[in-house]
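Trainee: Could we go through this structure together before the group meeting?
Mentor: Certainly; please bring it up.

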Amino acid sequence: MSRRICHIGDGEAGHAVLEYVWSSFARYHSSDMRESDYRLIMDDRQWATVCDLLQGYLAMDDLDNAVRVFRDRRMQELADSCLPDAEPTPAPPGLPQGWWTLLEAAYERLGNENGLRRIYACYIVTDRLPWSRKASDVPDSEVPRHGREIDHDYYVRKLKTLSGEHWPEDVRRIVRVHQRYYRDPMFAGRQLSYEELLRSERLSDAAWRYCKVRSHPRYSLLDDAAELMEDMFDVVAEQHAEEACNILLVPLRDADSSILKNDSPELVAQVIEVLRKCQPYVADRVCAECERLYGMYRHRQRLRGELKKLMGELTSGATGVRVKE
């Protein structure tokens, strides 16, 4: 007597595979993924075979191996693309994550919780952002991925729901593997899913390591480094406030930075926001920056007016700040 297999997860990968298969042969749409739908694609023995083959091909038997193989293949593809006689890489199926989605569907069908946890974790580490689904008559496949509304927290939420009591263990594993293979910003810029994980779990030390290397002048422009720190400031500042403020305040000392481009209300508001954000941690430096900016930009009345207000607030709780007309 064979053991009954019950699928796990929300069935989204299986639904994507079903849509892909049936769109090639018939008009078929399903609002949810049911157990019987998996059998419309393959029987359980075939699902198990697909799982074994793809798990080996993608090295998904272990998160560390999977991330290493994915990174190495991407780097090899980049190197091969520079060769005039490079062989084209075989195209994966037209699924949200290619072969990964098919393996994810197999994990769902076979009830492989550990496999699903690994693949969600791998999506987060490698920044495999999901395709968004829009309430529209236009199929997802016809909408360019760039420019879509992307939910950066999508796989973090899915993994946390699935992991249950294993969530702290999965978070530690993701951070460890990310720092091993995706620390270098030359090959990995901003990774938005990982940033969401760092923020949601308040991982200040890991967030500072992530931001520190990506804010180095060798890899990043001042404005880009400040933008990253703006997004990550709350969590980084829990343990590394002074270092975070140093990065935020650097563009205020560069007359060519975008934040000091003109006296528009939007840019002035950004300047004041940066100063207010840093004031609780480096008050003396904020006071000095206010005085310096006030004296330097004598023809920017809006900026000077807002700086004067801020300096007035600061002097109510401290001495030594003077407004020079």
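Mentor: What follows is a discussion of a predicted model.

Trainee: What are the helix and strand counts for the protein?
Mentor: The protein has 14 helices and zero strands. Read from the N terminus, every element in the run is therefore α.

Trainee: How much of the protein is buried?
Mentor: Of the 325 residues, 44% are buried. The accessible surface comes to about 18100 Å², and carbon and sulfur atoms account for 51% of that.

Trainee: Which residues touch the most other members of the largest nonpolar core?
Mentor: They are Met60, Ile119, Met229, Val236, Leu252, Leu275 and Leu307, in a core of 87 residues. The largest share of this core, 14 residues, comes from H11. In soluble globular proteins, nonpolar side chains tend to be buried together.

Trainee: What does Met60 touch?
Mentor: Leaving aside residues up to four places away in sequence, Met60 touches Gln55, Ala66, Trp100, Leu103, Tyr107, Gly115, Arg118, Ile119 and Cys122.

Trainee: Where is the nonpolar patch on the surface?
Mentor: Met75, Met186, Phe187 and Tyr219 make a nonpolar surface patch of about 410 Å². Tyr219 sits in the loop between helix H10 (204-214) and helix H11 (222-249). Its relative accessibility is 31%, so Tyr219 counts as partly exposed.

Trainee: On to charges. How many salt bridges are there?
Mentor: The count comes to 22 salt bridges. Glu195 is a useful example, as Glu195 pairs with Arg190, the closest N and O atoms being 2.7 Å apart. Glu195 also meets Arg199 in a salt bridge, at 3.9 Å from N to O.

Trainee: Where do Glu195 and Arg199 lie?
Mentor: Both are in helix H9, four residues apart, or about one turn of the helix.

Trainee: Is Glu195 buried or exposed, and what about the two arginines?
Mentor: Glu195 is buried, with a relative accessible area of 1%. Arg190 is partly exposed at 31%, and Arg199 is partly exposed at 24%.

Trainee: Which salt bridge links distant parts of the chain?
Mentor: One such pair is Lys277 and Glu230, with the closest N and O atoms 2.9 Å apart. Lys277 is in helix H12 (residues 265-278) and Glu230 is in helix H11, 47 residues apart. Glu230 counts as partly exposed, at 23% relative accessibility.

Trainee: Which residues are joined into one network by salt bridges that share partners?
Mentor: Arg190, Glu195, Glu196, Arg199 and Asp231 are joined in that way.

Trainee: Back to helix H9: what about Ser193?
Mentor: Ser193 lies in helix H9 (residues 192-200). At 1% relative accessibility, Ser193 counts as buried. Setting aside residues up to four places away in sequence, Ser193 touches Ile124, Asp127, Leu129, His152 and Val156.

Trainee: And Arg109, is that buried or exposed?
Mentor: Arg109 is buried, with a relative accessible area of 0%, and is found in helix H5 (residues 99-110). Arg109 and Asp43 are 66 residues apart in sequence and 9.9 Å apart in space, C-alpha to C-alpha.

Trainee: Last topic: how many disulfides are found?
Mentor: A search of the whole structure finds zero disulfides.

Trainee: Why is Cys287 not bonded to Cys290?
Mentor: The sulfur of Cys287 is 6.4 Å from that of Cys290, its closest cysteine sulfur, and this is too far for a bond. Cys287 is buried, with a relative accessible area of 12%. Cys51 is buried as well, at 6%.

Technical notes:
Residues numbered from 1 in each chain as written. Predicted model: local features only at pLDDT ≥ 70, side-chain atom pairs only at ≥ 80, totals over all residues. Heavy atoms only, no water. Patch = residues over 30% accessible without salt bridge, like charges linked within 9 Å, V, L, I, M, F, W, Y side chains within 5 Å. Areas by Shrake-Rupley, 256 points an atom, 1.4 Å probe, with all protein chains shown as cover. Salt bridge = Lys/Arg side-chain N within 4 Å of Asp/Glu carboxyl O. Helix = DSSP H or I, 4+ residues; strand = E, 2+ residues; numbered from the N terminus. Buried < 20%, exposed > 50% of the residue type's maximum accessible area, 1.4 Å probe, protein only. Disulfide = S-S within 2.5 Å. Core = buried A, V, L, I, M, F, W, Y, C linked by side-chain atoms within 4.5 Å. Contact = heavy atoms within 4.5 Å.
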